[in-house]
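Colleague: Thanks for making time for this. Could you walk me through the structure while we both have it on screen?

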Amino acid sequence: MSVKLENDQSIDEILEHLQEAGIDTQSIEGTLMAVLESGDIGPLRRWAHDQGVAHGHSGGTVAMLVEHIAPVAGVLKGAFSSDEDLLANLIGAAVEGYMSTDGHAQGSPPPPAQMRDRLAELTALHRINSAANSSLKLVDMLSEIAQAVVAVTHADVCSIFLYEQEWDQLVLTATSGLNQDSVNKIRLRIGEGITGWAALLGKPVPVKDAWSDSRFKYVPALQEEQTVSMLAVPVVLFTKEKLVGVIDIHMFEESDFSENEIKFLETVAGEIAIAIENARLYEQTDSALRQKVAELTTLQGVSAHIAATLNLTEVLSLIAHQAAHLVRADSAAIYELHSDAGILEMVAQYDLQHPTHNIHAWKAGPRTVLPIEQSAIAKAVMRGVPVPMPPDSDADLALPFASEGYLSMFCVPLVAPRGIMGGICLYNRAEKTFSDEQVRLLDAFAHEAAIALENSRLYDSALRGLQTKSAMLQEMNHRVRNNLQTVAGLLSMQLRRIPPDSDGAVAVRESISRVQSIAAVHDLMMNGDVEIESISLYDLARRISDAVVSTLTKPGFRLQININQEEAEKIRVGSHEATLLALLFNELISNAILHGFAGMMKGTITITVKEESLLEDALPTTTTRNSSSCITITVEDTGVGLPADFDSQRSANLGLNIVRTLVMSDLRGTFKIEPGTRGKGTRATFSFMPNSYS
């Protein structure tokens, strides 16, 4: 009986491990030294016996004694290499000591030799229970149990078959000693083989010579050629009289299984039955929880995808696809309810087995309409409750899916806050019943889909309204522009009847220029047939100045107009401000041509546009303009300048009065007119805060 240290551990390391396990090392340190000197576990047995005696004197229970000894055996098992079972030896010696103390107190003899066998059995059961409680994962737990049974029974093989009620079969789930590749692949019917026979009888079946027994079934994949004797014991959950499985042990040498051995394996089967049932319940609960998380995750993803688009066609196609995917249905069809017309119309469909059955392919076909009064599907939708229906419902109404070989169908109404909008029908090519959880999941999905569908419809309606209004605005813009051009043309015809140099001719030319300026704004606000939101001040100033020059300048007069293009192109204004600014540019340029350049043959007009922030720091160029910025526009000419007695209030002509009114009343800005740079010419400046726009 050799005993030696494992992994070159020292006594100090072993004592440290014992302390970590909560064991008083003073009582065992000398014992460990004696074991190493003698090479035998005898000193440990005596130590355990003394611990049992002390426990008996102190009034402790056997269970408390086992809890005290078991950790010591656990630590020493990893530290010593021994050809004996330390746990069984130490617990056996400890209980003997405990019993001797109890027996001495009662004047009874020491425990018989059979007591040690019983203690060994209890120790073995303790080990098997530890294996059964080692994991809640069924496969791992059964593997541990199989190994523990082999160790404590000294069998050569242990195999555990679990009963699958759905298939009425026994499935090899764990083995110690046979081919591991056969796990979960070998199936036996009830009554097939010695294992199946034990399950059928509901009691142990010991066989001394398995190969000569007519009930024995040879399975090559198990590689059990060495098997001679075999004991099969059914694993039964007696609280429910429920077959859980069968546990087998194999011997490679002929063996007569004693009554005690059979009873022991029956006890093991009873112990592991509860553990197996608990592990199965845990895995079912865990699987159900994972399934629920997966379903909720899918529902969240579906809702996010549906909410990501407002295009009605895309939403319908997506709802049909995701509804089928959510509960693994083969096909899905969406019906839209038109209660005012009394019909249910198919608006989308999706078939997972036939991808060509999608909304795009379907739309090319004939329209499918179900009258509410005649359609079973329509009546189910109107009830507003999910309900299973025969797959051939409405077959007499030429419904496409009703005649394609589906065996089950489930109808879920699309209920939005404003009422029922339609329904989703899910088709399956096999008989399928949805659980309460799946029905609730589909109902939640249908509610989300109905809201998305309603939002999409509102979006389409609003979009159509905007398109209609846009078309009306374009038509109005064309008519206003054409009318302005007509007015300008009529004024031009009248101008021919007036002496060219008369005051009347000048007034008419100014009026023509004003009308053309307003018409120019309408031209700029239209890009082809599309109305634009804003125009740049450079485009506006250039278009108006060109129109004024062509209308008011006399033949032979050379006029140069300069605009700070880079800055002016960055500043954009909306249609209302553009119209006002067009009139302002027209009046100021007209004034310069008619009055500033009187008697001159050439001249220059400089238009300067700039924008300034009213905050401490200038706004970035990418920032949307708002009321925190100010636009300043200067129109300066190189003409004769203002008269010496000029007064901006009393001396102002019609053009300047128009400018002052537009700036101060309409733009709510400031205006001033003064001599030009270095006292030459005239400079008119106005500032205003623009309306905010993107």
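Colleague: Let's begin with a cysteine: is C425 buried or exposed?

Modeller: Happy to, and please keep in mind that this is a predicted model. Buried residues have under 20% relative accessible area. C425 has a relative accessible area of 0%, so C425 is buried.

Colleague: How many disulfides does the structure hold?

Modeller: A disulfide needs two cysteine sulfur atoms within 2.5 Å. For C425, the closest cysteine sulfur belongs to C411 and lies 3.8 Å away, which is too far for a bond. For the structure, the number of disulfides is zero.

Colleague: On to charged pairs. How many salt bridges are there?

Modeller: Side chains of opposite charge can pair when their charged atoms come close. Here the rule asks for a side-chain nitrogen of Lys or Arg within 4 Å of a carboxyl oxygen of Asp or Glu. One of the pairs joins E674 and R683, with N and O 3.1 Å apart. By this rule the count is ten.

Colleague: In the pair E674 and R683, is R683 buried, partly exposed or exposed?

Modeller: Its partner E674 is partly exposed, at a relative accessible area of 23%. For R683 the relative accessible area is 27%, and the partly exposed class lies between 20% and 50%. R683 is therefore partly exposed.

Colleague: Which salt-bridge network includes R189?

Modeller: R189 and E192 meet through their side chains in a salt bridge, at 3.8 Å from N to O. R189 is exposed, with 53% relative accessibility, whereas E192 is buried, with 14%. Salt bridges with shared partners make one network of R189, E192 and K217.

Colleague: How many residues apart in sequence are the parts tied together by E277 and K242?

Modeller: These two form a salt bridge whose closest N and O atoms are 3.1 Å apart. E277 is buried at 7% relative accessible area, while K242 is partly exposed at 28%. E277 sits in helix α9 (residues 259-307) and K242 in strand β8 (residues 242-251), so the parts tied together are apart in sequence by 35 residues.

Colleague: Now the sheets. Which strands stand at the edges of the open sheet of six strands?

Modeller: Strands of a sheet pair through backbone hydrogen bonds, either parallel or antiparallel. In this sheet the pairing is antiparallel and the order is β11-β10-β9-β14-β13-β12. Two strands have a single partner each, so one side of each lacks a neighbour in the sheet: β11 (369-371) and β12 (387-389).

Colleague: What is the bridge partner of L344 in β11?

Modeller: Strand β10 (residues 343-351) and β11 run antiparallel and are joined by three bridges. In β11, the partner of L344 is L370.

Colleague: What is the order of the open sheet of five strands?

Modeller: This sheet has mixed pairing. Its edge strands, each pairing on one side only, are β18 (558-563) and β22 (670-675), and the twist averages 15° from one strand to the next. The order is β18-β20-β21-β23-β22.

Colleague: Which residue in β21 stands opposite T606?

Modeller: Strand β20 (residues 602-613) and strand β21 (residues 629-637) run antiparallel, joined by nine bridges. The residue opposite T606 in β21 is E636.

Colleague: At about what angle does α15 run to β18?

Modeller: Helix α15 (residues 537-552) has 16 residues and spans 22 Å between its first and last C-alpha, close to the 22 Å expected. Its buried residues include L540, I544, S545 and V548. The helix lies across β18, β20 and β21, and its angle to β18 is about 170°.

Colleague: Finally, with which residues is I589 in contact, leaving aside neighbours within four places in sequence?

Modeller: I589 lies in helix α17 and is buried, with a relative accessible area of 0%. Its C-alpha is 8.9 Å from that of I544, 45 residues away along the chain. With those neighbours left aside, the contacts of I589 are S545, V548, I605 and I607.

Terms used:
Residues are numbered from 1 along each chain as its sequence is written. This is a predicted model: local features need pLDDT of at least 70, side-chain atom pairs count only at pLDDT 80 or more; totals for chains, interfaces and linings use all residues. Side-chain values use heavy atoms; hydrogens and water are left out. Buried means under 20% relative accessible area, exposed over 50%, partly exposed in between (1.4 Å probe, protein chains only). Helices (H or I, at least four residues) and strands (E, at least two) are DSSP runs, numbered from the N terminus. The expected span of a helix is 1.5 Å times one less than its number of residues. Two strands pair if DSSP finds at least two bridges between them. Axes are lines fitted to C-alpha atoms, for helices over the stretch in contact, and angles run from 0 to 180 degrees between N-to-C directions. Contact means heavy atoms within 4.5 Å.
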